[in-house]
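User: I would like a close look at a single part of this protein, with enough of the surroundings to place that part.

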Amino acid sequence: LDTLEKWVTEIFSEIPNNGLPKPCFGDLTQPFDTPEFHKLYRVVPVKKVHSLSITWALPPQEQYYRVKPLHYISWLVGHEGKGSVLSFLRKKFWALALYGGNGETGFEQNSTYSIFSISVTLTDEGYKHFYEVAHVVFQYVKMLQQTGPDKRQVIWEEIQKIEANEFHYQEQTDPVDYVESLCENMQMFQKEDFLTGDQLLFEYKPEV
């Protein structure tokens with residue numbers, strides 16, 4: 001560790017600190033709040049696959065990294081058990097898989113907006129009924145909105161424990177990739193959360 005510290009000091013200590021704050025574009029609110037954004041796009045894929053993707057542009061969520069509200073919602077949306085969206089669509093023979101979430105990359109989450117997407121892999125029959133599939137997804141999201149998270153702390157705690165186990169028992173990664181990840185974390189999280197801010201859930205705040 002002493003050797004590494006010596007190398008880092010030699011390489012980076014001469015870089016001047018201009019004292020400027022981190023750039024923030026939070027004043028550019030609702031970048032996609034335009035009538036043109038509410039459209040359906042049909043794209044012919046290269047592979048023979050039918051996929052329905054629904055995308056929302058939300059206010060920036062990166063400041064809530066200790067709560068991770070989008071991760072919580074994606075957990076509920078992506079649930080595959082009884083009563084889930086995917087379970088219902090599979091019974092109709094309309095879908096094979098469903099995924100929802102935010103990639104937490106600079107494109108999907110930044111100081112201007114956060115993207116939340118739900119992607120459904122459709123069967124041939126599901127492709128014929130993709131309007132109905134979209135309607136089911138919106139119905140489920142509406143149900144979550146009306147129910148609210150207050151009675152669902154058990155689910156949040158379950159997610160928290162699973163993410164904690166994955167963090168503690170994670171496989172070793174390539175050192176270069178790990179350092180790159182930490183450098184990105186340093187731009188987004190408080191100092192005490194550099195190692196854990198992108199993985200662990202710390203606080204349950206239903207209002208968020």
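How much space lies in the largest pocket? Please go on from there to what lines the pocket and what sits around it.

Analyst: The model is a predicted one, and the values below are computed from it. The largest pocket holds about 930 Å³ of space. Its lining consists of 23 residues, and those closest to the centre are K39, L40, Y41, L52 and S53. Two elements, strand 1 (50-58) and helix 5 (130-147), each contribute at least two residues to this lining. Strand 1 has the largest share, with seven residues. Sorted by class, the lining of the largest pocket is made up of 16 nonpolar, five polar and two charged residues.

The second largest pocket has a volume of about 770 Å³. It is lined by 25 residues, of which P69, I73, L144, Q145 and V208 are the closest to its centre. Strand 1 and helix 5 each give at least two residues to this lining as well, and so does helix 2 (69-77). Strand 1 and helix 5 therefore appear in the linings of both pockets, each with at least two residues, if elements are taken as DSSP runs. The classes in the lining of the second largest pocket are 18 nonpolar, three polar and four charged.

To place these elements, the whole chain is needed. The protein has seven helices and three strands, and their order along the sequence is α-β-α-α-β-β-α-α-α-α. Its C-alpha trace spans about 65 × 40 × 40 Å along the principal axes. Of its 208 residues, 28% count as buried. Among contacts with a separation of 6 or more, 74% join residues 24 or more positions apart.

Next comes the nonpolar core. In soluble globular proteins, nonpolar side chains tend to be buried together. The largest nonpolar core here has 27 residues, and the members that touch the most others are L52, V85, L89, L98, I118, V120 and V133. Two or more residues of this core come from each of strand 1, helix 2, helix 3 (85-91), strand 2 (95-101), strand 3 (114-122), helix 5 and helix 6 (153-168). The largest share belongs to helix 5, which supplies seven residues. L52 is thus named twice: it is among the residues closest to the centre of the largest pocket, and it is among the core members that touch the most others. Another of those core members, L98, is in contact with V77, G78, V85, L86, L89, I118, S119 and V120, leaving aside its neighbours within four places in sequence.

F116 gives a second view of the region around strand 1. This residue lies in strand 3. F116 counts as buried because its relative accessible area is 6%, where the limit is under 20%. Apart from neighbours within four places in sequence, F116 is in contact with I54, T55, W56, L58, L70, I73, S74, G100 and G101. One of these, I73, is also among the residues closest to the centre of the second largest pocket. The C-alpha atoms of F116 and H71 are separated by 9.8 Å, although the two residues are 45 residues apart along the chain.

Two loop residues deserve a separate check of the backbone. Most residues other than glycine have a negative phi, and most peptide bonds are trans. K68 is not a glycine, yet its phi is positive, near 55°. It is located in the loop between strand 1 and helix 2. With a relative accessible area of 7%, K68 is buried. Beyond its neighbours within four places in sequence, K68 is in contact with G197, D198, Q199, L200 and L201. F93 also has a positive phi, about 60°, without being a glycine. Its place is the loop between helix 3 and strand 2. K68 is buried, whereas F93 counts as exposed at 64% relative accessibility.

The partners of K68 lead to an annotated span. An unreviewed UniProt entry places the feature "domain: Peptidase M16 middle/third" at residues 167-207. That span is 39% helix and 0% strand, and its end C-alpha atoms lie 26 Å apart.

Terms used
Residues numbered from 1 in each chain as written. Predicted model: local features only at pLDDT ≥ 70, side-chain atom pairs only at ≥ 80, totals over all residues. Heavy atoms only, no water. 1 Å grid on protein atoms, 1.4 Å probe; cavity = no way out; pocket = protein on both sides within 12 Å on 5 of 7 lines; lining within 4 Å. Points joined across faces, edges and corners; volume = space filled by probe spheres on them. Helix = DSSP H or I, 4+ residues; strand = E, 2+ residues; numbered from the N terminus. Nonpolar A, V, L, I, M, F, W, Y, C, P; charged D, E, K, R; others polar. UniProt positions renumbered as here; feature names shortened; annotations may be inferred. Core = buried A, V, L, I, M, F, W, Y, C linked by side-chain atoms within 4.5 Å. Buried < 20%, exposed > 50% of the residue type's maximum accessible area, 1.4 Å probe, protein only. Contact = heavy atoms within 4.5 Å.
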